[in-house]
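Open the model in your viewer and keep the sequence panel beside it. The tour goes from one selection to the next and says what is found at each stop.

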Amino acid sequence: MDTEEIAQTTEETVENVNLFIQYAQDHIPDLIGFGIKIILAILVFVIGKCVIRMVRSLTGKAFERSHADKGVQQFTDSIIKFGLYSVLVILIITSFGVNLSSITTILAAAGVAVSLALQGVISNFAGGVLILTLRPFVVGDYIIEDNNKNEGTVKEIQLFYTKLTTVDNKTIVVPNGMLTNNSLTNVTARDERQLDLRIEISYESDLRKAKDILENLLENTPEIMKDKERNVFVDELGASGVRLGVRAWTGMDEYWKVRWKFLEDIKLSFDREGIVIPYPQIMVHKSTDEG
């Protein structure tokens, strides 16, 4: 590069720098104004966030004092949070000089496309409303979503989703639309639950003695409800033994503890009394040819 090219490049660089400086000087008020708007927008967001948190806290305390359903409280909190943050964002946008009517016009023009894109979201929102209105379950119930076999204890009913906690402490997030459009089983809808067991004994064992053992166990298990029907019956004559059935009622909170303990007591009692519980066996007969 010769001296003339260097001088020309330097001249162009100086000219560009001067143009930038001139542009900055001409627009300093605009830049300062824009910076002030950004600072104000940040302040509005911070203050608005604190106000939203305060409103949600006051609403939550009001629900607690009125002993409202936990699901209604969570759903209302989601609506308040979504609505107030939407208002806050609109306020910040309008503070930059954007006309609110322009935003409305844009949203109206894009309404069809938005409604199609958010069809699932709208379905989930409507599902949440139906859950709180029809109350197929409430927070604390153990439910099973029959189609996909999602199951767990209901912990939160939010604006678009319901959160379940499984027995091994995992969290399942199920869309509300799925819970209202598919069948589900509410395991804990009532305070009591039926204990329904099947126990097989061998054909060689004493059937009457086995039934007496089961009836005594029902009578001597404190958690079994004595004022409700209790049955011990022959359910089936199976391929390898006689299948006995046991039906009784216990409290919902005690169901699994009673079931596990009852099965253990059956095994120990049958062992003591010589009642055999059969297990699959394969009998092989070998024939010998003579001559």
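Select Arg-135, which lies in the loop between helix H6 (119-134) and E1; helices (H or I, at least four residues) and strands (E, at least two) are DSSP runs, numbered from the N terminus. Its phi is near 55°, a positive value in a residue other than glycine. Arg-135 has a relative accessible area of 43%, so it is partly exposed; buried means under 20%, exposed over 50%, and partly exposed in between, with a 1.4 Å probe and protein chains only.

Two notes on the model apply to every stop. It is predicted, so local features need pLDDT of at least 70 and side-chain atom pairs count only at pLDDT 80 or more, while totals for chains, interfaces and linings use all residues. Residues are numbered from 1 along each chain as its sequence is written, and side-chain values use heavy atoms, with hydrogens and water left out.

**The strands**

Next, select strand E1 (residues 142-145) together with E2, which pair in the antiparallel sense over four bridges; two strands pair if DSSP finds at least two bridges between them. Tyr-142 stands opposite Thr-153 in E2. The two strands form a hairpin with four residues between them, and Lys-149 in the turn has a positive phi of about 60°.

Add E3 to the selection. E2 and E3 also pair in the antiparallel sense, over four bridges, with Val-154 opposite Leu-164 in E3. Three residues lie between the strands of this hairpin.

Now add E4, which runs antiparallel to E3 and is joined to it by five bridges. Leu-164 stands opposite Ile-172 in E4. The hairpin of E3 and E4 has five residues between the strands.

Which residue takes a positive phi in the hairpin of E3 and E4? Select Asn-169, in the loop between E3 and strand E4 (171-175); its phi is about 70° although it is not a glycine. Asn-169 is exposed, with a relative accessible area of 65%. To look across from here, draw a distance to Gly-152: the two residues are 17 apart in sequence and 9.1 Å apart in space, C-alpha to C-alpha.

**The aromatic rings**

Show the side chains of Phe, Tyr and Trp. Rings (for Trp, the six-membered ring) pair if their centres lie within 6.5 Å; planes under 30 degrees apart count as stacked, over 60 as edge-to-face and the rest as tilted. By this rule the count comes to four aromatic pairs.

Select Phe-82 and Phe-160. Their ring centres are 6.4 Å apart and their planes are at 90°, so the pair is edge-to-face. Phe-82 lies in helix H3 (residues 70-95) and Phe-160 in the loop between strand E2 (150-157) and strand E3 (161-165), so the pair ties together parts that are 78 residues apart in sequence. Is Phe-82 buried or exposed? At 52% relative accessibility, Phe-82 counts as exposed.

Then select Trp-256 and Trp-260, whose ring centres are 5.8 Å apart with planes at 35°, so this pair is tilted. Both lie in helix H9 (residues 255-273), four residues apart, about one turn of the helix. Trp-256 counts as partly exposed at 43% relative accessibility, whereas Trp-260 is exposed at 56%.

Return to Phe-82 and add Phe-125: ring pairs link Phe-82, Phe-125 and Phe-160 into a cluster.

**Charges over rings**

A charge sits over a ring if NZ of Lys or CZ of Arg is within 6 Å of the ring centre and within 35 degrees of the ring normal. Select Arg-193, which lies over the face of Tyr-255 at 3.9 Å from the ring centre. Then select Lys-228, over the face of Trp-249 at 5.7 Å from the ring centre.

**The largest pocket**

For the last stop, select Tyr-142, Glu-151, Val-167, Val-187, Thr-188, Arg-193, Met-252, Asp-253, Tyr-255 and Trp-256, which line the largest pocket. A pocket is an open set of points on a 1 Å grid over the protein atoms alone where a 1.4 Å probe fits, with protein on both sides within 12 Å along at least five of seven lines; lining residues have an atom within 4 Å of a point. The lining divides into six nonpolar, one polar and three charged residues (Asp, Glu, Lys and Arg count as charged, Ala, Val, Leu, Ile, Met, Phe, Trp, Tyr, Cys and Pro as nonpolar, the others as polar).
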